[in-house]
Amino acid sequence: KVGRMKLGVLTFALESCGDPAILAKKAEEVGFYSFWVPEHPVVPVDYSTRYPDFPEGKMPEPYGHIADPFVALARASAVTSMIKLGTGVCLIPERNPLLLAKEVATLDYYSGGRFLFGIGAGWLREETEIMGGDFLHRWTQTQESILAMKELWTQEESEYHGRYYDFPAVRSFPKPAQKPH
């Protein structure tokens with residue numbers, strides 16, 4: 001017996017692509033399983049990191065117009081009830097794990113457990129560094145951030161002491177609807 005294929009839609013949530021609420025609602029109505037939004041918080045005007053698969057080595061210009069994924073997915077969540085909502089991908093080293101844990105948990109809580117957390121560490125050195133990430137160690141930084149966020153999502157009082165992130169006992173609510181996180 002073959003199961004149903006779970007197809008998703010990736011939108012860049014650019015101002016030219018339309019309102020993510022309208023796009024997600026339509027995607028849900030026609031039967032898509034998931035709705036995904038990527039992330040590039042900033043795109044440096046000048047960068048030397050080569051973008052893969054493009055002869056000139058630069059990202060297509062529209063990539064600099066990507067909306068914040070959590071705001072876009074919150075809009076989508078408000079007008080949908082079944083479609084899964086995901087980041088494709090969230091650039092972990094470019095975000096503070098205390099704030100990111102709050103954003104993820106809040107979106108998951110208010111969407112009724114429909115959030116899918118697609119993560120990445122980024123390829124654009126200059127962007128990562130502008131946003132405070134350690135590009136050479138971005139994957140270990142990503143791993144540590146995830147560990148810190150899991151503490152925040154699963155414990156009443158959480159603390160974390162690592163190489164990149166260090167915080168005393170704190171409370172962070174709401175917790176994600178999905179368990180354990």
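Is Asp53 buried or exposed in this model? I should say at the outset that we are looking at a predicted model, and that in it Asp53 counts as exposed, at 78% relative accessibility. Asp53 sits in the loop that runs between strand E2 (34-37) and helix H2 (69-79), and its backbone deserves a moment of our attention, since Asp53 is not a glycine and yet has a positive phi of about 70 degrees. As background, most residues other than glycine have a negative phi, and most peptide bonds are trans.

That brings me to the peptide bonds, where I would point out two cis cases. One is the bond from Gly88 to Val89, which is cis with omega near 5 degrees, and Val89 belongs to the loop between strand E3 (84-87) and strand E4 (90-91). Another is the bond from Phe173 to Pro174, also cis, with omega near 5 degrees, and here Pro174 falls in the segment that follows strand E8 (166-170).

Finally, let me turn to Thr80, which is found in the loop between H2 and E3 and which is buried, its relative accessible area being 9%. What does the side chain of Thr80 make a polar contact with? The partner is the side chain of Arg114, at 2.9 Å, and in addition a polar atom of the Thr80 side chain lies 2.8 Å from the backbone oxygen of Ala76. If we leave aside the neighbours within four places in sequence, Thr80 is in contact with Ala24, Lys25, Glu28, Leu85 and Arg114, so that Arg114 appears both in this list and as the side-chain polar partner of Thr80.

Notes: Residues numbered from 1 in each chain as written. Predicted model: local features only at pLDDT ≥ 70, side-chain atom pairs only at ≥ 80, totals over all residues. Heavy atoms only, no water. Helix = DSSP H or I, 4+ residues; strand = E, 2+ residues; numbered from the N terminus. Buried < 20%, exposed > 50% of the residue type's maximum accessible area, 1.4 Å probe, protein only. Polar contact = N/O pair within 3.5 Å; in protein donor to acceptor, adjacent residues only side chain to side chain. Contact = heavy atoms within 4.5 Å.
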